[in-house]
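Student: I have a protein model open and do not know how to read it. Can we go through some features together?

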Amino acid sequence: ETPEGPVAIRVAPGTQGGQKLRVRGKGLPRKDGTRGDLIATVRLSVPRHPTPEEKELWERLAALSGQPGHER
């Protein structure tokens, strides 16, 4: 949601939680009538009660990506 309404933001693969993304021209209005940039902070949420299938998929993804504690 922006001051002008909702917008879609492309989030690149590998984007991390806490990272800031710039949305050009969608911020607050300036004195000259143009709009500034909106800065969006990435917030990730993980389901509190994942299904068994979700757990299995996360484990497979972690193993494929070489996360510590998971054999490849």
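## Reading the model step by step

Tutor: Start with W58, which is partly exposed at 38% relative accessibility. Keep in mind that this is a predicted model.

Student: Why does W58 count as partly exposed?

Tutor: Buried means under 20% and exposed means over 50%, with partly exposed in between. W58 has 38%, so the middle label applies.

Student: Where is W58 found?

Tutor: Look at helix 1, residues 52-64. W58 is part of that helix.

Student: Which residues is W58 in contact with, leaving aside neighbours within four places in sequence?

Tutor: Look for V46, P47 and P50.

Student: Now the strands. How do I read the two faces of one?

Tutor: In a regular strand, side chains alternate between the two faces of the sheet. Now take strand 1, residues 20-23. L21 and V23 make its covered face. K20 and R22 make the uncovered one.

Student: In which sense do strand 1 and strand 2 pair?

Tutor: Antiparallel, over four bridges. Strand 2 covers residues 38-41. For one partner, go to V23: its bridge partner in strand 2 is L38.

Student: What about the segment before strand 1? Is T2 buried or exposed there?

Tutor: T2 lies in that segment. T2 is buried, because its relative accessibility is 8% and the cut-off for buried is under 20%.

Student: What is T2 in contact with, beyond neighbours within four places in sequence?

Tutor: V7, K26 and L38. You have met L38 already, as the bridge partner of V23.

Student: Which backbone oxygen lies 2.5 Å from a polar atom of the T2 side chain?

Tutor: That of G5. Now find T15, also placed in the segment before strand 1. A polar atom of the T15 side chain lies 2.5 Å from the backbone oxygen of A12.

Student: Is T15 buried or exposed?

Tutor: Buried, because its relative accessibility is 17% and the label needs a value under 20%.

Student: And I9, in the segment before strand 1: what is its relative accessible area?

Tutor: I9 has 39%, so I9 is partly exposed.

Student: Which residues make a nonpolar surface patch with I9?

Tutor: V7 and V11. The patch made by V7, I9 and V11 is about 220 Å². Note V7 again: V7 is also one of the contacts of T2.

Conventions: Residues numbered from 1 in each chain as written. Predicted model: local features only at pLDDT ≥ 70, side-chain atom pairs only at ≥ 80, totals over all residues. Heavy atoms only, no water. Helix = DSSP H or I, 4+ residues; strand = E, 2+ residues; numbered from the N terminus. Buried < 20%, exposed > 50% of the residue type's maximum accessible area, 1.4 Å probe, protein only. Polar contact = N/O pair within 3.5 Å; in protein donor to acceptor, adjacent residues only side chain to side chain. Patch = residues over 30% accessible without salt bridge, like charges linked within 9 Å, V, L, I, M, F, W, Y side chains within 5 Å. Areas by Shrake-Rupley, 256 points an atom, 1.4 Å probe, with all protein chains shown as cover. Salt bridge = Lys/Arg side-chain N within 4 Å of Asp/Glu carboxyl O. Pairing = 2+ DSSP bridges. Contact = heavy atoms within 4.5 Å.
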